[in-house]
Amino acid sequence: MAESELSIKYADLLAEVAAFLGYGSAPTAWTADQRTECDRYVQGGLRRFYSPPAVQGSEPGYSWSFLSPVVTLATVSGQETQELPGDLARVLGQFHYSATDHHKSVVQAPEDVFQSYKTSSSSTGAPAAASVRHKAKDPGRGQRLEVAWWPIPDAAYTLTYKYEAYNGKLSDDNPYPLGGMRHSELLLESCLAVAEQRANDERGNHTAEFERLLVSAIEQDRRVGSTHFGHMGDRSEASTWLPRRGDTDGVTYNGVAL
């Protein structure tokens, strides 16, 4: 599906920032230094948009729903580990089986506990626990995360999970920011606010407009996010990798339900 024609892209942001600075909106009119300067302000505005500051009526570091995609993966029979997406920062919560697989969700376990499961039993079956960990660095593409399953899958199971995404710089090859058309004006004002603060050393109209739009956008995002997959993260912000005590078909250790 094509991106909305109303979505703002990297070239648009560069042109708007350049025009604000008095360089004109035509890229052919910019010097190399001017383009580099505009790019700095665009990337700064992007960072501020993704991790917004606290303003009156909003919380600091609000987590946008679009930065936590919900995706699926299929386990591979007999394969203990699988590489996770390159933009994955961390898995949020548990891995959930499809509606047709009547199994409890796969909980994330600390590595030492995960290893104790492997020591206690090397059986295969539907995974009940997972360990998300870093792989050794590959110089050609950077470090990746992988997930290890226990027990080792005995079939291809479809699992759904939510993760916090890394987000790269905008460029000609990566022109569209996350958030889509809905947040285009907010991102534009964020870039212009960074430009006016760093180039003009002032908090002017663009800073005020960014803060006004931010409060509204956060409120809208809360409403949109609440209609999505549901909460897949930590219910108590504490360590909740263990199943509830008393579960008879959850993870066990030495035959004892944990």
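# A guided tour, starting at Arg144

Start by selecting Arg144, which lies in the loop between E6 and E7. Those labels follow DSSP runs numbered from the N terminus, with helices (H or I) of at least four residues and strands (E) of at least two. Before you go on, note that this is a predicted model: local features need pLDDT of at least 70, side-chain atom pairs count only at pLDDT 80 or more, and totals for chains, interfaces and linings use all residues. Residues are numbered from 1 along each chain as its sequence is written, and side-chain values use heavy atoms, with hydrogens and water left out.

**Stop 1: around Arg144**

Is Arg144 buried or exposed? Arg144 is buried yet has no salt bridge, and Glu83, the nearest side chain of opposite charge, is 4.4 Å away. Here buried means under 20% relative accessible area, exposed means over 50%, and partly exposed is in between (1.4 Å probe, protein chains only). A salt bridge needs a side-chain nitrogen of Lys or Arg within 4 Å of a carboxyl oxygen of Asp or Glu. For charge, Lys and Arg count as positive and Asp and Glu as negative, while His and the chain ends are not counted.

Now show what touches Arg144. Leaving aside neighbours within four places in sequence, Arg144 is in contact with Glu83, Gly86, Arg133, His134 and Lys135. Contact means heavy atoms within 4.5 Å.

**Stop 2: Glu83 and Lys135**

Two of those names belong together, so to speak: select Glu83 and Lys135, which form a salt bridge with their closest N and O atoms 2.9 Å apart. This pair links distant parts of the chain, as Glu83 sits in strand E2 (residues 81-83) and Lys135 in the loop between strand E6 (129-134) and strand E7 (145-150), 52 residues apart. Glu83 is partly exposed, with a relative accessible area of 37%. Lys135 is also partly exposed, at 27%.

**Stop 3: Arg133 and Glu146**

Next select Arg133 and Glu146, whose side chains meet in a salt bridge (3.2 Å, N to O). Glu146 is in strand E7 and Arg133 in strand E6, 13 residues apart. Glu146 counts as buried because its relative accessibility is 14%. Add Glu111 to the selection: salt bridges that share partners join Glu111, Arg133 and Glu146 into one network.

**Stop 4: Asp172 and Arg35**

A search of the whole structure finds 11 salt bridges. Another of them joins the side chains of Asp172 and Arg35 (3.5 Å, N to O). Asp172 lies in the loop between strand E9 (158-165) and helix H4 (184-199), and Arg35 in helix H2 (residues 32-50), 137 residues apart. Asp172 is exposed at 55% relative accessible area, whereas Arg35 counts as partly exposed at 31%.

**Stop 5: Tyr62**

Move to Tyr62, in the loop between H2 and strand E1 (70-74). Tyr62 is buried, with a relative accessible area of 8%. What is Tyr62 in contact with, leaving aside its neighbours within four places in sequence? Its contacts are Tyr50, Pro52, Ile218, Asp221 and Arg222. For a distance to try in your viewer, the C-alpha atoms of Tyr62 and Phe49, 13 residues apart along the chain, are separated by 9.8 Å.

**Stop 6: Ser216**

Select Ser216 in helix H5 (residues 205-225). Ser216 is partly exposed, at 34% relative accessible area. Its C-alpha atom is separated by 9.7 Å from that of Leu186, and the two residues are 30 apart along the chain.

**Stop 7: the cysteines**

Select Cys38 and Cys191. Cys38 counts as buried at 0% relative accessibility, and Cys191 counts as buried at 0% too. The disulfide count comes to 0, using the rule of two cysteine sulfur atoms within 2.5 Å.

**Last stop: the whole chain**

Zoom out and colour by pLDDT, the predictor's confidence in each residue, from 0 to 100. The protein chain averages 86, and 85% of the residues score at least 70. Among its elements, helix H1 (residues 10-21) has the highest mean pLDDT (98) and strand E11 (residues 256-257) the lowest (46). Over residues 227-249 the pLDDT is below 50, and this stretch has 30 contacts in the model beyond near neighbours in sequence. Residues 253-258 are also below 50, with 16 such contacts.

In cartoon view, the secondary structure comes to 5 helices and 11 strands. Of the 258 residues, 38% count as buried.
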